[in-house]
Amino acid sequence: MAPLPGAELVRTPLQLYRYLLRCCQQLPTRGVQEHYKHAVRQSFRVHSDEDNPERIQQIIKRAIEDADWIMNKESME
């Protein structure tokens, strides 16, 4: 299971948030979906005060890579 199309278009934290929540909807079970939705929300709360544009882009890149890994992991189980 690959991440949703459009990952390359994610540029802002809000776009990332929406993208990750859409990825969560593709996960196999309700429990797994809720677990990762909670993790996404928590990460956004933790990083809500980040104002360095370079750091924000690093976070976005890493979050998309992590989503790709999770989607692949969950599809194999």
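Confidence first: among the elements of this chain, H2 has the highest mean pLDDT, at 96, and H3 the lowest, at 91. This is a predicted model, and for the chain as a whole the mean pLDDT is 90, with 95% of residues reaching 70 or more.

Now for how two of the helices sit together. The axes of H1 and H2 come within 8 Å and cross at roughly 165 degrees. An angle over 145 degrees counts as roughly antiparallel, so that makes H1 roughly antiparallel to H2. As for handedness, the H1–H2 crossing is right-handed.

Then there's the largest pocket, with a volume of about 530 Å³. It is lined by 25 residues, and the closest to its centre are Leu16, Leu20, Ser43, Phe44 and Ala63. Three elements give two or more residues each to that lining: H1, H2 and H3. Here are their spans:

| Helix | Residues |
|---|---|
| H1 | 13–25 |
| H2 | 30–46 |
| H3 | 53–76 |

Which helix gives the most to the lining of the largest pocket? That's H3, with 11 residues. So the top contributor to the pocket wall, H3, is also the element with the lowest mean pLDDT, 91.

What about chemistry? Sorted by class, the lining of the largest pocket has 17 nonpolar residues, plus four polar and four charged ones.

Terms used. Residues are numbered from 1 along each chain as its sequence is written. This is a predicted model: local features need pLDDT of at least 70, side-chain atom pairs count only at pLDDT 80 or more; totals for chains, interfaces and linings use all residues. Side-chain values use heavy atoms; hydrogens and water are left out. On a 1 Å grid over the protein atoms alone, a cavity is a set of points where a 1.4 Å probe fits but cannot get out, and a pocket is an open set with protein on both sides within 12 Å along at least five of seven lines; lining residues have an atom within 4 Å of a point. Grid points are joined across faces, edges and corners, and a volume is the space filled by probe spheres set on the points. Helices (H or I, at least four residues) and strands (E, at least two) are DSSP runs, numbered from the N terminus. Ala, Val, Leu, Ile, Met, Phe, Trp, Tyr, Cys and Pro count as nonpolar, Asp, Glu, Lys and Arg as charged, and the others, Gly among them, as polar. pLDDT is the predictor's confidence in each residue, from 0 to 100. Axes are lines fitted to C-alpha atoms, for helices over the stretch in contact, and angles run from 0 to 180 degrees between N-to-C directions. Angles under 35 degrees count as roughly parallel, over 145 as roughly antiparallel, 65 to 115 as roughly perpendicular and the rest as oblique. A crossing is left-handed if the near helix is turned anticlockwise from the far one by less than a right angle, and right-handed if clockwise.
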